[in-house]
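Please have a look at the chain shown below, and keep it in view while reading. The paragraphs that follow go from the whole chain to single residues and back to their surroundings.

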Amino acid sequence: AVPGPVDAERTRVIRPARMPGWDGINVAEEVARHCGLPAIIENDARAGAIGESIYRRRLKGVTPIDTLIYVKAGSAIGGAYLIEGIPHVGEGGLAGDISHIPVDAAAGRPCTCGNIGCLETIASADSIRTDLAASGLVYTNNAQLLAAARDGIPAVATAIRHAGALLGHSLAHLVSFLAPQGVILGGALSAVDAFSAGVRAALHQSCLPSIMEDLVIESSRSGRDAALWGLSTLTPHKISKENHS
């Protein structure tokens with residue numbers, strides 16, 4: 001599972017902003033060569049969306065959600081859209097890239113993709129640390145940031161909730177257009193209640209009540225293992241398909 005656009009059929013990474021030098025590399029082939037085992041590749045958010053859908057079906061008393069928007073919010077922001085359990089991959093495997101949606105609040109901020117004003121520059125964990133550092137609160141990595149949030153540092157909680165709200169306002173357009181069963185938040189920031197609260201408040205503020213009435217908005221049930229659940233589900237099918245071809 002990699003943090004960039006993936007052409008799963010050709011098992012290659014496609015112009016990944018956060019993986020310089022990996023464009024066009026056949027990652028699955030390289031992993032197979034090093035490990036001596038069959039391998040597949042998938043975008044981490046897409047794998048997480050599949051894994052969340054599968055995992056929820058194994059939990060007693062939990063309503064299955066197979067049409068959902070999944071967001072992986074950590075160092076960067078990834079996204080995926082699942083339709084009845086099947087990920088929408090788009091042309092060339094590029095669907096789900098919410099990280100580089102332009103937003104007014106990010107005006108003037110340069111992004112790793114080369115553009116200016118992307119969502120990632122104001123709503124990711126890395127961007128939160130950058131903004132806090134400018135005000136004198138320095139956290140050298142995201143683990144420290146999350147620890148500060150758990151310790152109840154007010155400025156940190158406020159910054160994380162604000163990032164969640166910015167993400168929620170961006171997601172509102174997608175929720176209104178696609179009307180999914182749920183919005184599932186994965187990644188490191190999803191473990192912070194303030195982040196989920198910000199997303200939820202922004203969606204309720206921006207979407208029609210009829211859209212929000214039955215919409216499930218919650219943190220991933222499968223947590224850090226979401227992509228593993230997704231890939232373990234995909235692997236037997238993919239490898240069987242490759243062997244038959």
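A residue is called buried when its relative accessible area is under 20%, exposed when that area is over 50%, and partly exposed in between. By that cut-off Tyr55, at 21% relative accessibility, counts as partly exposed, and we will return to this residue once the whole chain has been described. Please keep in mind throughout that the model is predicted.

We begin with the chain as a whole, which contains 9 helices and 7 strands. Its radius of gyration is 18 Å, close to the 18 Å that the globule rule gives for 245 residues, and therefore the chain is as compact as a globular protein of that length. If a box is drawn along the principal axes, the C-alpha atoms fill roughly 55 × 40 × 30 Å. Of the 245 residues in the chain, 47% are buried, while the accessible surface comes to about 12400 Å², with 55% of it belonging to carbon and sulfur atoms. When we take the contacts between residues at least 6 apart in sequence, 59% of them join residues at least 24 apart. The chain also carries 20 positive and 23 negative charges, and the mean positions of these two groups are 4 Å apart.

Which two residues form an aromatic pair, and how are their planes arranged? The count comes to 1 aromatic pair in this model, formed by Tyr55 and Trp229, whose centres are 5.0 Å apart and whose planes stand at 70 degrees, an edge-to-face arrangement. The pair links distant parts of the chain, since Tyr55 belongs to helix H2 (residues 44-57) and Trp229 to helix H9 (residues 226-244), with their positions 174 residues apart in sequence. Like Tyr55, which was introduced above as partly exposed, Trp229 is partly exposed, with a relative accessible area of 25%.

From this pair we turn to a part of the chain where several helices meet in our description. In helix H4 (residues 125-134), the buried residues are Ala125, Ser127, Ile128, Arg129 and Leu132, and what covers them includes helix H3 (120-123), helix H5 (142-150) and helix H6. Just after H4 comes Gly136, which takes a positive phi of about 100 degrees. Helix H6 (residues 154-178) holds Ile160, and this residue is buried, because its relative accessible area is 0%. Leaving aside residues up to four places away in sequence, Ile160 touches Ile128, Ala149, Leu189, Val192, Ala194 and Phe195; one of these, Ile128, has already appeared among the buried residues of H4. Gly187, for its part, is 27 residues from Ile160 in sequence, and the C-alpha atoms of the two are 13 Å apart in space.

Another buried residue, Cys207, lies in the loop between helix H7 (193-206) and helix H8 (209-212). Is Cys207 buried or exposed? At 6% relative accessibility it falls under the 20% cut-off, so Cys207 counts as buried. Apart from residues up to four places away in sequence, Cys207 touches Ala172, Val175, Ser176 and Met212. Glu30 is 177 residues away from Cys207 along the chain, and the C-alpha atoms of these two residues are separated by 44 Å.

The loops offer further places to look at, beginning with the backbone angle phi. Most residues other than glycine have a negative phi. Against that background, Glu84 has a phi near 50 degrees, a positive value in a residue other than glycine, and this residue is found in the loop between strand E4 (77-83) and strand E5 (86-87). With a relative accessible area of 67%, Glu84 is exposed. Ala179 likewise has a positive phi, of about 50 degrees, although it is not a glycine; the residue sits in the loop between H6 and strand E6 (182-186), and at 46% relative accessibility Ala179 counts as partly exposed.

Finally, Asp97 is found in the loop between E5 and H3, and at 41% relative accessibility this residue counts as partly exposed. Asp97 and Gly79 are 18 residues apart in sequence, whereas their C-alpha atoms are 5.8 Å apart in space.

Methods:
Residues numbered from 1 in each chain as written. Predicted model: local features only at pLDDT ≥ 70, side-chain atom pairs only at ≥ 80, totals over all residues. Heavy atoms only, no water. Helix = DSSP H or I, 4+ residues; strand = E, 2+ residues; numbered from the N terminus. Rg over C-alpha atoms; globule rule 2.2 N^0.38 Å. Buried < 20%, exposed > 50% of the residue type's maximum accessible area, 1.4 Å probe, protein only. Contact = heavy atoms within 4.5 Å. Areas by Shrake-Rupley, 256 points an atom, 1.4 Å probe, with all protein chains shown as cover. Lys, Arg positive; Asp, Glu negative; His and termini not counted. Charge placed at Lys NZ, Arg CZ, Asp CG, Glu CD. Phe/Tyr/Trp six-rings, centres within 6.5 Å; stacked < 30°, edge-to-face > 60°.
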